[in-house]
Amino acid sequence: MNILLLGAGGFIGVNLTERLLKDGGHQLTAVDISEDKLEHLLDAPGLNYAHLDISTDEAKIEELVKVADVVVDLVAFANPALYVEDPVGVYDLNFTQNLKVVDQCRKHDKRLVQFSTCEVYGLTAAKAFGLDSKENPCPFNEDETPLIMGPIKNHRWIYACAKQLLERVLHAYRHRDGFRYSIIRPFNFVGPRIDYLPSEAGGGNPRVFSHFMDSLLYGTKPMQLVDGGEVFRAYTYIDDAVDCIVRVIENKKGNCDGEIFNVGQPENELTIAELAERMRDVFDKHFRQEGDPPRPEIVSISSEEFYGAGYEDCDRRIADVTKAKTLLDWKPQYDIDQVIFKTMEYFVDEHRKKQANGTVASAVAAV
Ligand code: NAD
Ligand code: UGA
């Protein structure tokens with residue numbers, strides 16, 4: 001197949017590109033505005049890379065869409081800090097610019113695999129009705145669960161709303177014109193090449209695993225639990241996720257068109273406070289070396305202080321993955337201990353390499 005991967009230079013994109021290249025048998029075109037994470041793949045046979053912006057390079061993107069068998073759209077702002085800082089930018093990229101890709105696929109009758117998010121489910125019904133979601137676990141089902149967003153003043157929800165509206169537009173085009181699409185709703189993937197460490201990037205506010213790794217490896221700040229870290233997340237190892245995504249892209253049984261797939265590992269649930277404790281223990285047991293900073297403290301911080309006004313958290317999100325199991329014969333393999341260990345191993349290996357070639361000291365000095 002000729003596969004066009006938009007946003008291939010991101011965390012999911014680079015892991016997906018690696019896997020598709022390893023499998024072989026496909027012609028891949030990778031598009032992004034940043035190639036840092038793809039550098040090790042740029043000369044791989046079977047891969048063409050194009051540095052293009054979906055917002056401004058429409059004509060060039062359209063040429064690539066025309067010759068593709070399937071278009072995979074991963075482009076988005078996907079970091080909660082940005083939903084609070086720049087809600088207009090999030091709406092523009094995640095809805096308006098992505099809609100242009102949808103229109104090109106419609107024009108040239110191409111199948112689209114669109115990345116959405118588990119955040120489209122929003123709050124649990126328990127939370128929305130003032131019940132305790134800990135006592136009312138309720139897996140999110142793609143085709144049945146209502147989607148519950150918080151108030152407009154909490155602009156964090158613009159990410160989920162933009163993604164939800166895009167999903168609804170895809171459905172509407174299928175309903176009217178038979179447009180061929182599949183939607184992926186990822187549930188907290190982690191693994192190699194997830195976000196940067198703030199101490200190395202000179203600041204920034206990445207997703208939680210990177211923040212906690214930063215505290216463990218650099219010790220410049222404690223592990224901070226936003227509003228006490230009481231909410232739940234269920235983490236999915238990137239290799240499990242990619243295995244499911246490849247099945248959707250290849251669509252070997254021809255049963256993915258018009259389908260939304262939750263991609264997650266519902267058994268890997270913990271609170272963010274538990275994640276911090278577990279990461280600290282795993283680091284001490286398996287990775288700590290002489291010269292590392294002391295075991296970091298775990299402290300609480302208000303969401304207003306951490307993100308600014310406009311943040312509201314998802315209380316709990318458990319994926320019902322029956323559809324992916326039934327239609328794709330997919331089952332996630334990695335339990336939460338393996339997910340934490342393997343992702344941490346990646347960060348520690350990268351850090352030790354930097355220590356060996358002397359770039360850690362300058363990274364710390366620059367902070
Ligand atoms: P990411 O930020 O690592 O990757 C997004 C990529 O899009 C980046 O490489 C970025 O450079 C690229 N990009 C941004 N603007 C662009 C533009 N104008 N033109 C071309 N490329 C552009 O994010 P990710 O974690 O890999 O997520 C990929 C997709 O999956 C996103 O749509 C995200 O919303 C969704 N998602 C991811 C997760 C997760 O667990 N990682 C969870 C839910 C949803
Ligand atoms: C993120 C993004 O919204 C999306 O990329 C995606 O839809 C989703 O992950 C996903 O991966 O499925 P979220 O899980 O809220 O959502 O992202 P994180 O920034 O990793 O935050 C997880 C939790 O940790 C939140 O409760 C957050 O408040 C908390 N947090 C974050 C801390 O307690 N401390 C930190 O230092 C950072």
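This passage describes a helix, a serine in a strand and the surroundings of a ligand in a predicted model.

The helix α1 covers residues 11-23. With 13 residues at 1.5 Å a residue, α1 should span 18 Å, and its end C-alpha atoms are 19 Å apart, which agrees with that expectation. Several residues of α1 are buried, namely Phe11, Ile12, Gly13, Val14, Asn15, Leu16, Thr17 and Leu20. Just after the helix comes Gly24, and this glycine takes a positive phi of about 75 degrees.

The second site is Ser300, which has its place in strand β13, made up of residues 298-301. The relative accessible area of Ser300 is 53%. Because exposed means over 50%, Ser300 counts as exposed. When residues up to four places away in sequence are not counted, Ser300 touches Leu225, Asp227 and Gly228. Two of these residues also take part in polar contacts with the serine side chain. A polar atom of the Ser300 side chain lies 3.4 Å from the backbone oxygen of Leu225. The side chain of Ser300 also reaches the backbone nitrogen of Gly228, at 3.1 Å. Pro222 is 78 residues from Ser300 along the chain, and the C-alpha atoms of Pro222 and Ser300 are separated by 9.5 Å.

The third site is the shell around ligand 2, which holds 26 residues. Of these, Ala78, Thr117, Glu119, Asn188 and Asp313 come nearest to the ligand. By class, the shell consists of 16 nonpolar, four polar and six charged residues.

Polar contacts to oxygen atoms of ligand 2 involve both backbone and side-chain atoms of the protein. On the backbone side, a polar atom of Asn188 is 2.7 Å from an oxygen atom of the ligand. In the side chain of Tyr159, an N or O atom is 3.3 Å from a ligand oxygen atom. The side chain of Arg233 has a polar atom that lies 2.7 Å from an oxygen atom of ligand 2. On its own, ligand 2 has 710 Å² of accessible area, and the protein covers 96% of this area. The elements that give two or more residues to the shell are the helices α3 (80-85), α8 (208-218) and α11 (303-307), together with the strand β8 (223-226).

Definitions and conventions
Residues numbered from 1 in each chain as written. Chains lettered and ligands numbered in written order. Predicted model: local features only at pLDDT ≥ 70, side-chain atom pairs only at ≥ 80, totals over all residues. Heavy atoms only, no water. Helix = DSSP H or I, 4+ residues; strand = E, 2+ residues; numbered from the N terminus. Expected span 1.5 Å × (residues − 1). Buried < 20%, exposed > 50% of the residue type's maximum accessible area, 1.4 Å probe, protein only. Contact = heavy atoms within 4.5 Å. Polar contact = N/O pair within 3.5 Å; in protein donor to acceptor, adjacent residues only side chain to side chain. Near = heavy atom within 4 Å. Areas by Shrake-Rupley, 256 points an atom, 1.4 Å probe, with all protein chains shown as cover. Nonpolar A, V, L, I, M, F, W, Y, C, P; charged D, E, K, R; others polar.
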